[in-house]
Amino acid sequence: MLRAELIERAARFRTSDEDPSRDLQSCPSLVLNADYTPLSYYPLSLWPWQTAIKAIFLDRVDVIESYERHVHSPSLDMKIPSVIALKQYVRPSEFPAFTRFNLFLRDRFSCQFCGSQSHLTFDHVLPRRLGGKTTWENIATACAPCNMKKGGRTPKQAGMHLYAEPIRPTHWQLQQYGKQFPPNYLHETWRDWLYWDIELEA
Ligand SMILES: [Zn+2]
């Protein structure tokens with residue numbers, strides 16, 4: 001939850017005046033796997049700097065880049081890390097968890113019937129009363145109006161078409177989709193390690 005909070009806070013900073021690194025409390029470290037790819041794209045894998053520094057002392061991460069800010073204490077004077085890499089590779093599970101967030105991400109946060117991105121909810125493609133299960137393969141993101149319109153019917157009965165058949169995505173697929181949602185704020189030292197599908201502004 002903390003990571004999600006950080007990324008949301010970071011996303012609100014749009015100008016250099018509001019660079020979060022000016023505020024010590026918002027100097028998150030981008031966390032890379034041992035292969036130097038981000039642990040997660042969406043939400044972007046960010047740790048609070050305190051967590052990053054703890055990991056450095058536990059010898060679990062390497063510092064790749066740093067902010068121009070120091071933390072001082074009687075026993076410590078170091079630059080705050082802005083990019084760190086795990087020393088030990090974390091192998092992602094092949095299939096991601098079946099959660100609301102991951103399901104929305106699979107469907108790119110859009111209704112699978114009309115493309116709307118607001119009032120999103122979930123639709124049982126084969127309705128529950130007809131034996132439809134709550135699984136990756138039978139749940140599609142739908143906006144509330146489409147959900148209402150479809151009611152307890154199959155898409156065919158309702159004369160509605162799905163953009164794509166719901167599938168159980170792989171971890172790799174979800175990561176690819178996550179790249180389509182970069183946060184509004186990216187610290188300059190993070191950019192070399194991220195590959196977004198949209199063009200970054202200079
Ligand atoms: Zn819709």
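Biologist: Where does Phe109 lie in this predicted model?
Modeller: Its phi is near 50 degrees, a positive value in a residue other than glycine. Most residues other than glycine have a negative phi. As for its place, Phe109 belongs to the loop between α3 (100-106) and β5.

Biologist: Is Phe109 buried, exposed or partly exposed?
Modeller: Count C-beta neighbours inside 10 Å: Phe109 has 15. Buried needs 20 or more, and exposed needs 12 or fewer. So Phe109 counts as partly exposed.

Biologist: And His119, buried or exposed?
Modeller: His119 is also found in the loop between α3 and β5. Its phi is near 50 degrees, again positive in a residue other than glycine. There are 12 other C-beta atoms within 10 Å, and the limit for exposed is 12 or fewer, so His119 is exposed.

Biologist: How far apart in space are Arg128 and Arg153, C-alpha to C-alpha?
Modeller: Arg128 sits in the loop between β5 (120-124) and β6 (139-143). Arg128 is exposed, because it has 11 other C-beta atoms within 10 Å. In sequence, Arg128 and Arg153 are 25 residues apart. In space, C-alpha to C-alpha, the separation is 9.6 Å.

Biologist: In what order do the elements of the chain run from the N terminus?
Modeller: The chain has six helices and six strands. Read from the N terminus, the order is α-β-β-α-β-β-α-β-β-α-α-α.

Biologist: Which strands stand at the edges of the four-stranded sheet?
Modeller: The sheet is open, with order β2-β1-β4-β3 and mixed pairing. An edge strand has a single partner, so one of its sides is left without a neighbour in the sheet. That describes β2 (46-47) and β3 (61-73).

Biologist: In which sense do β1 and β4 pair?
Modeller: Three bridges link β1 (residues 29-32) and β4 (residues 76-86). Val31 stands opposite Ile84 in β4. The sense of the β1 and β4 pairing is parallel.

Biologist: What is the bridge partner of Asp62 in β4?
Modeller: β3 and β4 run antiparallel and are joined by nine bridges. A hairpin of two residues connects β3 to β4. Within β4, the partner of Asp62 is Ala85.

Biologist: Which peptide bond is cis?
Modeller: Most peptide bonds are trans. Here one has omega of about 0 degrees. Its proline, Pro43, lies in the loop between β1 and β2. The bond joins Tyr42 and Pro43.

Biologist: At what angle does α2 run to β4?
Modeller: Helix α2 (residues 49-57) lies across β1, β2, β3 and β4. The residue Asp59 follows α2 and has a positive phi, near 65 degrees. The angle of α2 to β4 is about 90 degrees.

Biologist: Within what arc do the buried residues of α2 fall?
Modeller: In α2, Trp49, Ala52, Ile53 and Ala55 are buried. Seen down the axis, they line one face of the helix, because they share a limited arc. They pack against β1, β2, β3 and β4. The arc is 160 degrees.

Biologist: Which residues touch the most other members of the largest nonpolar core?
Modeller: In soluble globular proteins, nonpolar side chains tend to be buried together. The largest core here has 18 residues. β1, β2, α2, β3 and β4 each supply at least two of them, and α2 gives the most, with four. The residues touching the most other members are Leu30, Val31, Ala52 and Ile84.

Biologist: Beyond four places in sequence, what is Val31 in contact with?
Modeller: Val31 is one of the residues touching the most other core members. Leave aside its neighbours within four places. The contacts of Val31 are then Leu39, Ser45, Leu46, Trp47 and Ile84.

Biologist: How many residues are in the second, separate core?
Modeller: This core includes Leu103, Ala140, Ala142 and Cys143. Its size is eight residues.

Biologist: Over which residues is the pLDDT below 50?
Modeller: The chain has a mean pLDDT of 85, and 84% of its residues reach 70 or more. The stretch below 50 has 27 contacts in the model beyond near neighbours in sequence. That stretch is residues 1-18.

Conventions: Residues numbered from 1 in each chain as written. Predicted model: local features only at pLDDT ≥ 70, side-chain atom pairs only at ≥ 80, totals over all residues. Pairing = 2+ DSSP bridges. Contact = placed C-beta atoms within 7 Å. Axes fitted to C-alpha atoms, helices over the stretch in contact; angles between N-to-C directions. Arc of directions from axis to C-beta. Core = buried A, V, L, I, M, F, W, Y, C linked by C-beta atoms within 7 Å. pLDDT = per-residue confidence, 0-100.
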